[in-house]
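Colleague: I'd like to learn how to read helices, buried side chains and a ligand site in a model. Can you walk me through it?

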Amino acid sequence: MLFTSYRLGGLALPNRIVMPPMTRSRAAAGNVPTALMAEYYAQRASAGLIISEGTQISQQGQGYAWTPGIHTPEQIAGWRGVTDAVHAAGGRLFAQLWHVGRVSHVSLQPGGAAPVSSSPRVADGVKVFIDPDGKGPETGVGGMVQHSVPRALSEAEIAQVVRDFASAARNALEAGFDGVELHGANGYLINQFIDSRANTRTDGYGGSLPNRLRFLREVSEAVAAVTGPERLGVRLAPLTTLQGTVDDTPQATYLGAAKALDDIGVVYLHIAEADWEDAPEMPPAFKEALRLIYRGTLIYAGRYTAERAETALHDGWADLIGFGRPFVANPDLPNRLRRGLPLNEPDGNHFFGGAQVGYTDYPAAMAGNDAP
Ligand SMILES: Cc1cc2nc3c(=O)[nH]c(=O)nc-3n(C[C@H](O)[C@H](O)[C@H](O)COP(=O)(O)O)c2cc1C
């Protein structure tokens, strides 16, 4: 089933294979996407759908060096180069809109301010990647440091962040993206509102589950008003505790989030599963419950092989499957999976920062990168 077509909102996908968002930290000065990034994404255009690396919606939303933004005219123009290249190669591309919240460092924040979060809580041991010497991504050498102590957003500031998401969505459409995905996963700002132990607010954005889901709901509604719900997807990471975000009742919390997103009618829900070695399997009953509560398209990512993907599609709890690290190393992944060809191994030393090496120099298996 991986190679059957699929209708996603207004888009016709030629296969069920998604390239999920992957930060590669190669933006130029001003966090502007480059021609090299355009080449990298265009090489992978045979995916049914590409979702861009996390892309900050504002300077405040940046947490790591050299990640691209989508809040200045130069960044929009840079992304236009990427979307044009992907479309010319026959692909489809959503932008992942990102606000890291507390997972940042004062050196990346406007005016050296403290990063913001739902609550003034530090996640001990959670580190971010900075460029202490301002040398740029080509050196490929940054420093990992503990994230800075955050302060809680006021209600007026929350309203501003919601507007920043909407404005970034407008910019994404202007840059030629086919839609946007909200990064609600992996312990970043939206996740810092959802999870009960990360959010200690006592106002209308904290405490009860509806209150903790309010920020997700407001951002989703504001962005859907810009893009239309058929061009808005949301990524969540239920049942994980990444970057120190812990929830006391994760199944109830994330089924609640899925219900809220179903009410808004977002086109897909993208579930990031635990992806480390020996990670626990997400219980099948939880996946089946998600399927019943959320009626749109379900994407899953996390250590999928062609075989696990076929099982997921066959069992019916997934519609599309993300392959992350396999796409880093195999620009022609759909062709390789379809023909059962061996896969190149990704080189983790070049995931973040650097230039062509470990980025655009992975070979295709066959001349012409035959799209399936
Ligand atoms: C280098 C790298 C960067 C990533 N960056 C992001 C990101 O920006 N946003 C996000 O939601 N997930 C990110 N992820 C997680 C992937 O989207 C995916 O969920 C994960 O790699 C599991 O899939 P895999 O086992 O097929 O690699 C990243 C993963 C990798 C390997």
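**Reading helices and a ligand site**

Modeller: Start with helix H6, residues 214–227: its 14 residues reach 20 Å from first C-alpha to last, close to the 20 Å expected at 1.5 Å a residue. The expected span is 1.5 Å times one less than the number of residues, and helices here are DSSP runs of H or I with at least four residues, strands runs of E with at least two, numbered from the N terminus. This is a predicted model, where local features need pLDDT of at least 70 and side-chain atom pairs pLDDT 80 or more, while totals for chains, interfaces and linings use all residues. Residues are numbered from 1 along each chain as its sequence is written, and side-chain values use heavy atoms, with hydrogens and water left out.

Colleague: Which residues of H6 are buried?

Modeller: An α-helix has 3.6 residues a turn, so residues three or four places apart point the same way. In H6, the buried ones (under 20% relative accessible area, 1.4 Å probe, protein chains only; exposed is over 50%, partly exposed in between) are Phe 215, Leu 216, Val 219, Ser 220, Val 223, Ala 224 and Thr 227. Seen down the axis, they fall within an arc of 155°, so they line one face of H6; the arc uses directions from the helix axis to the C-beta atoms. Among the elements they pack against are helix H3 (155–174) and helix H7 (250–264). After H6 comes Gly 228, with a positive phi near 85°.

Colleague: What about Gln 62, buried or exposed?

Modeller: Gln 62 counts as buried, at 3% relative accessibility. You'll find Gln 62 in the loop between strand E4 (49–56) and helix H2 (73–88). Its side chain makes a polar contact of 3.0 Å with that of Asn 31. A polar contact is a pair of N or O atoms within 3.5 Å; within protein, one must be able to donate a hydrogen and the other to accept it, and residues adjacent in sequence count only if both atoms are side-chain atoms.

Colleague: And which residues come nearest to the ligand?

Modeller: Of the 18 residues around the ligand, Pro 21, Thr 23, Arg 235, Arg 303 and Arg 325 come nearest; "around" asks for a heavy atom within 4 Å. A backbone N or O atom of Pro 21 sits 2.7 Å from a ligand oxygen atom, and one of Gly 324 also lies 2.7 Å from a ligand oxygen atom. The protein covers 91% of the 610 Å² of accessible area that the ligand has on its own, by the Shrake-Rupley method with a 1.4 Å probe.

Methods:
Contact means heavy atoms within 4.5 Å.
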